[in-house]
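Please open the structure in your viewer and keep the selection tool at hand. This tour proceeds stop by stop, stating what to select and what is found there.

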Amino acid sequence: RRKLRTDVAAAFPNLSAEQLAEFIPNKEELNVIKIHSHKGEAITVYMNNRNPILFEIEKALYPTVYTLWVYPDLLPAFSTWPPVLQKLAGGADLMLPGVVVPSSGFPQVERGTLCAVTLLGNRAPVAVAVATMSTAEMLAAGMKGKGFAVLHTYMDHLWEYGDKSYPPTLAPLVTDSAEKESAEDEEEMEGKEPVVSFSTDPSQHVDVGDLSLKERDSCAILMGKEELSENRGAETAEDANTEVQQEAEDSRTPQEQMDALFSQCFFHALKCKVKKSDLPLLTSTFLRSHMFSCCPAGQQLDIKKSSYKKFSKFLQCMQHQKILQVKELNKGVESIVEVDWKHPDVKAFAVPEGFSSASAAQDSKSEDREQVYRAPEIIPLYGVSTKMIPLFQESGHRKGSILSSSEVRNIIINYVKTNELIDETNKNFVKVNAILCDCLLDKSEQDEISNLKWDDLLSRCLERLQPLHQVTFFGQEPVVRKGNIEPINIAIAQRSSNKKVTIIKNLELYGLDPQCVANILQQKVQASATITPVPGTKDRVQVQIQGNQIHHLAKMLLEEYQLPRKYIQGLEKAPKLGRKK
């Protein structure tokens with residue numbers, strides 16, 4: 001105990017002598033537990049009053065969230081938005097675009113510094129992480145890339161080993177009006193996205209031997225996290241540049257200035273960037289690949305700061321003026337299908353000084369598109385089906401209620417606990433009552449199976465719910481669609497004279513412009529590429545390119561666009577490389 005107190009004092013010099021005595025008391029019982037994480041790391045956990053207070057990995061001490069709730073200022077803290085907590089608890093690290101930039105600036109930390117992660121508006125930490133770069137490096141990197149390697153979070157298995165209490169509400173030391181505004185914007189933007197509920201108790205059935213610092217699905221990737229807060233990260237850059245425009249903009253409000261900037265970039269993009277052959281053009285591609293590149297240096301487009309609030313509303317306004325026409329060619333994915341280049345407003349627009357000519361802009365268009373693509377965030381969801389209503393109505397859900405996998409898991413666990421269905425002889429098994437029997441067992445199994453393993457119980461439940469998925473494209477509202485998302489389909493077809501062609505379908509579902517992909521492939525492999533309608537559909541198109549080009553496609557989709565392999569079908573059809581002699 002004395003050695004532990006000495007080690008804690010060395011690791012956390014911010015603790016006063018009184019706090020140290022309170023933290024490691026002389027008389028209260030202190031338990032030490034040896035566990036192994038899912039990665040196989042040996043971990044020592046120190047328990048006090050039923051809660052883990054410290055964990056030790058390779059002779060380095062780390063506080064748990066229980067400890068940080070008592071001493072919230074023990075570590076330098078960085079804030080993120082509440083929806084990000086789901087990702088962290090699932091095993092992801094914290095990316096810099098997901099970090100809130102306070103007006104007072106970041107704490108000064110070095111690479112390898114132990115830090116706390118808090119949620120916006122609450123000083124109570126929800127994660128313990130190690131900084132992967134110094135504060136200066138974070139700012140120099142433009143707040144992009146991985147900022148913190150997360151070790152432990154609220155709601156992981158280590159937290160479950162305690163009393164499962166929830167984070168207290170601790171007011172920030174300094175009220176930051178900019179952060180409040182960001183929080184309000186976030187609430188509006190995330191209105192359709194499931195938010196972590198603090199009112200559920202995860203399972204207690206996990207054996208100590210299986211205890212891990214993160215969920216087993218810790219392979220989750222935070223690609224979507226860069227998209228989640230791109231607009232917020234840009235706010236600081238814009239604020240820093242407002243003085244440059246101040247003399248010319250004094251008579252207009254910031255909202256009017258942003259409206260004018262959107263109109264300028266819109267007409268500039270139509271006049272110099274978009275050709276008739278590009279249509280139909282995804283609205284998301286038009287915004288990120290065309291309008292963003294037309295934004296003057298030192299300024300940043302931010303739809304939240306305009307009077308429109310959403311890019312779709314801005315386009316509706318332009319459509320009312322009969323400048324263009326927008327249609328939803330695929331559910332939840334809008335495209336520009338027609339542009340009136342003879343409209344007086346388009347003809348009257350003059351390209352601002354300092355921009356290259358229209359032809360030069362067109363030449364660099366495909367390169368720009370490739371650089372700015374952001375993969376969508378895809379979250380599997382589940383709808384309560386008619387057959388499953390008896391199992392979910394106890395938790396207040398009805399037919400059609402939409403839930404995430406973690407919410408389904410918590411509901412099932414609470415149902416089992418409430419009805420005392422955990423097998424007394426083996427806690428890894430659950431007794432099957434009449435409702436579980438009707439909902440989860442086939443008729444042939446109902447007389448044979450009297451209990452189920454936890455994993456089997458949860459997997460059966462997910463299989464019998466209606467599959468849904470939520471897609472969030474950069475700069476757009478989340479869209480929930482029925483069924484599982486169709487993968488990008490790559491196929492090889494035989495043509496006349498025994499020639500092969502590669503056919504790629506469903507690119508639009510992932511925010512990829514088929515014409516853009518065709519142009520890039522054509523340049524890379526020096527083979528002709530065409531856009532053709534998908535047989536049997538009205539509005540769907542596919543890319544067709546000569547030869548078996550799956551190797552090039554795989555490199556583009558997996559490495560450059562960073563799409564997960566599970567969303568791409570047909571990569572196994574790549575030609576086999578000849579053996580080297």
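The stops below begin with the whole chain and then turn to sheets, helix pairs and single residues.

**The whole protein**

Display the entire chain as a cartoon, bearing in mind that this is a predicted model. The protein contains 21 helices and 23 strands. Of its 581 residues, 49% count as buried. Among the contacts with a separation of 6 or more, 63% are between residues 24 or more positions apart.

**A sheet with the order 5-7-8-9-6**

Select strand 5 (77–80) and strand 6 (94–95), which are the edge strands of an open sheet. The sheet has five strands in the order 5-7-8-9-6, and its pairing is mixed. Strands in a sheet are paired through hydrogen bonds of the backbone, in a parallel or an antiparallel manner.

In which sense do strand 5 and strand 7 run? They are parallel, and four bridges join strand 5 to strand 7 (residues 114–119). To see one such bridge, select Ser 79 together with its partner in strand 7, Thr 118.

Next, add strand 8 (residues 122–131) to the selection; strand 8 pairs with strand 9 in the antiparallel sense over five bridges. Strand 6 also pairs with strand 9 in the antiparallel sense, over two bridges. Now select Phe 148 in strand 9. This residue is the bridge partner of Ala 131, and Leu 94 stands opposite Phe 148 as well.

**A sheet with the order 21-22-20-19-23**

Move on to another open sheet of five strands, whose order is 21-22-20-19-23 and whose pairing is mixed. Strand 21 (529–533) and strand 23 (568–569) each have a single partner strand, so one side of each lacks a neighbour in the sheet. Select strand 19 (residues 488–494) and strand 20 (residues 500–505), which pair in the antiparallel sense over six bridges. One bridge to display is that of Gln 494 with Lys 500 in strand 20.

Helix 20 (residues 514–525) should be selected next: this helix packs on the sheet and touches strand 20, strand 21 and strand 22 (541–546). The direction of helix 20 makes about 5° with that of strand 22. Then select helix 21 (residues 550–560), which lies across strand 19, strand 20 and strand 23. Helix 21 runs at about 170° to strand 19.

**Helix 11 and helix 12**

Select helix 11 (residues 283–291) and helix 12 (residues 311–320). Their axes are 11 Å apart, and the two helices pack at an angle of about 90°. Helix 11 and helix 12 are therefore roughly perpendicular to each other. Show the side chains at the contact: Thr 283, Phe 286, Leu 287 and Met 291 of helix 11 meet Phe 311, Phe 314 and Leu 315 of helix 12. By class, this contact of helix 11 with helix 12 has six nonpolar residues, one polar and no charged.

**Helix 17 and helix 19**

The next pair to select is helix 17 (residues 405–418) and helix 19 (residues 454–463), which pack at an angle of about 125° with their axes 10 Å apart. This angle makes helix 17 oblique to helix 19. Their crossing is right-handed. From helix 17, display Val 408, Arg 409, Ile 412, Ile 413 and Val 416, which meet Trp 454, Leu 457, Leu 458, Cys 461 and Leu 462 in helix 19. The contact of helix 17 with helix 19 comprises nine nonpolar residues, no polar and one charged.

**Three loops with backbone features**

Select Glu 58, in the loop between strand 3 (51–57) and strand 4 (60–63). Glu 58 is not a glycine, yet its phi is positive, at about 50°. Is Glu 58 buried or exposed? Glu 58 counts as exposed, because its relative accessibility is 74%, and the cut-off for exposed is over 50%.

Proceed to Met 155, in the loop between strand 9 (146–153) and helix 6 (157–160). Met 155, likewise a residue other than glycine, has a positive phi near 85°. Met 155 is buried, because its relative accessible area is 15% and buried means under 20%.

Finally, select Pro 280, in the loop between helix 10 (254–272) and strand 10 (281–282). The peptide bond from Leu 279 to Pro 280 is cis, with omega near -5°.

Notes:
Residues are numbered from 1 along each chain as its sequence is written. This is a predicted model: local features need pLDDT of at least 70, side-chain atom pairs count only at pLDDT 80 or more; totals for chains, interfaces and linings use all residues. Side-chain values use heavy atoms; hydrogens and water are left out. Axes are lines fitted to C-alpha atoms, for helices over the stretch in contact, and angles run from 0 to 180 degrees between N-to-C directions. Angles under 35 degrees count as roughly parallel, over 145 as roughly antiparallel, 65 to 115 as roughly perpendicular and the rest as oblique. A crossing is left-handed if the near helix is turned anticlockwise from the far one by less than a right angle, and right-handed if clockwise. Contact means heavy atoms within 4.5 Å. Ala, Val, Leu, Ile, Met, Phe, Trp, Tyr, Cys and Pro count as nonpolar, Asp, Glu, Lys and Arg as charged, and the others, Gly among them, as polar. Two strands pair if DSSP finds at least two bridges between them. Buried means under 20% relative accessible area, exposed over 50%, partly exposed in between (1.4 Å probe, protein chains only).
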